[in-house]
Amino acid sequence: MKRHLPLILAAVALSFVGKYGFSSTTLDGARVITGSLDAASITIASAALGGTCTAPKLVISLSAATVPTCAGDATWTGMAAGCGGSCYSNSWTDFGMGLQVGSYWKDGFGVVHLRGIIAPGTKTASTTIITMPAGYRPPTDTLVYFHTDAGSQLLTLPQRISFAASTGTMVNTYAVGAGNVYLSLDGVTYATFN
């Protein structure tokens, strides 16, 4: 792949010149392409055409004044205080003991991230655990998996959660085990768009 990379980069650079009206010059044996695309200035540098290259470069430089910003949340929102009161239902709550509280955050790409350790309330099947606010729900019904302690510090198991798009409710599909003392939200992510 190393031998073919300069030719691939050169082809990409030439397609920008041909299709988007970018200008092309050669600088220190490398083809340099400059121009603009979607109101952001861009520079593409590729290895010289032909030959081999041990350190090919593809550099994209955006002008600081024209870099788009994505409107994501500035900070994490705690589940106990979010959702217009509390996102928790049926006596579910933060685990406590200095562990990360249940929280959510939506990034600038519309992906929601969850984190924290929560303590069970009602453990029976089909019990609502969390209700996410509008704007933080998936576009269609889906399943997410939280990790649970399975009543042992040596074993963790996934707990399947049904997530309703229209209501934002996260409902445990199966009963949470009697010995289980927590669910981990860490690592759960989902998109808010199709």
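Rings of Phe, Tyr and Trp (its six-membered ring) count as a pair if their centres lie within 6.5 Å, and planes over 60 degrees apart make the pair edge-to-face. Keep that handy for the exercises below, which work on a predicted model.

**Exercise 1.** Find out how many aromatic pairs the rule gives, then classify Tyr-104 with Tyr-136.

*Solution.* Start with the count: the rule yields three aromatic pairs. Now take Tyr-104 and Tyr-136, whose ring centres are 5.1 Å apart with 70° between the planes. The cut-off for edge-to-face is over 60 degrees, so this pair is edge-to-face. Next, place the two rings: Tyr-104 is in strand β6 (residues 103–106), while Tyr-136 belongs to the loop between β9 (128–131) and β10, 32 residues apart, and the pair thus links distant parts of the chain. Are these two tyrosines buried or exposed? Buried means under 20% relative accessible area; Tyr-104 comes in at 4%, so it's buried, and Tyr-136, at 15%, is buried as well.

**Exercise 2.** Do the exercise again for Phe-163 and Tyr-190.

*Solution.* Here the centres are 5.0 Å apart and the planes make an angle of 85°, which is edge-to-face. Phe-163 sits in strand β11 and Tyr-190 in strand β14, 27 residues apart, another link between distant parts of the chain. Check burial last: Phe-163 has 1% relative accessibility and counts as buried; Tyr-190, at 7%, is buried too.

**Exercise 3.** Work out which strands stand at the edges of the open sheet that contains β14, and where Tyr-190 pairs.

*Solution.* First write down the order, β4-β6-β7-β14, with antiparallel pairing. β4 (77–78) and β14 (189–191) each have a single partner strand, so they are the edges, and one side of each has no neighbour in the sheet. For β14, look at strand β7 (residues 111–115): the two pair in the antiparallel sense over three bridges. Within that pairing, Tyr-190 in β14 stands opposite Val-112.

**Exercise 4.** Trace the partners of Ile-161 on either strand.

*Solution.* Begin with β10 (residues 142–148), which runs antiparallel to β11 (residues 157–163) and is joined to it by seven bridges. There, Ile-161 is the bridge partner of Val-144. Then turn to strand β12 (residues 169–172), which pairs with β11 over three bridges, again antiparallel; Ile-161 stands opposite Asn-172 in β12. Five residues separate the strands in the β11 and β12 hairpin, where Gly-168 takes a positive phi near 75°.

**Exercise 5.** Which rings have Lys-106 and Arg-115 over them?

*Solution.* The charged end of Lys-106 sits over the ring of Tyr-136, 4.9 Å from its centre. Arg-115 lies over the face of Trp-76, 4.0 Å from the ring centre.

Terms used
Residues are numbered from 1 along each chain as its sequence is written. This is a predicted model: local features need pLDDT of at least 70, side-chain atom pairs count only at pLDDT 80 or more; totals for chains, interfaces and linings use all residues. Side-chain values use heavy atoms; hydrogens and water are left out. Two strands pair if DSSP finds at least two bridges between them. Helices (H or I, at least four residues) and strands (E, at least two) are DSSP runs, numbered from the N terminus. Rings of Phe, Tyr and Trp (its six-membered ring) pair if their centres lie within 6.5 Å; planes under 30 degrees apart count as stacked, over 60 as edge-to-face and the rest as tilted. Buried means under 20% relative accessible area, exposed over 50%, partly exposed in between (1.4 Å probe, protein chains only). A charge sits over a ring if NZ of Lys or CZ of Arg is within 6 Å of the ring centre and within 35 degrees of the ring normal.
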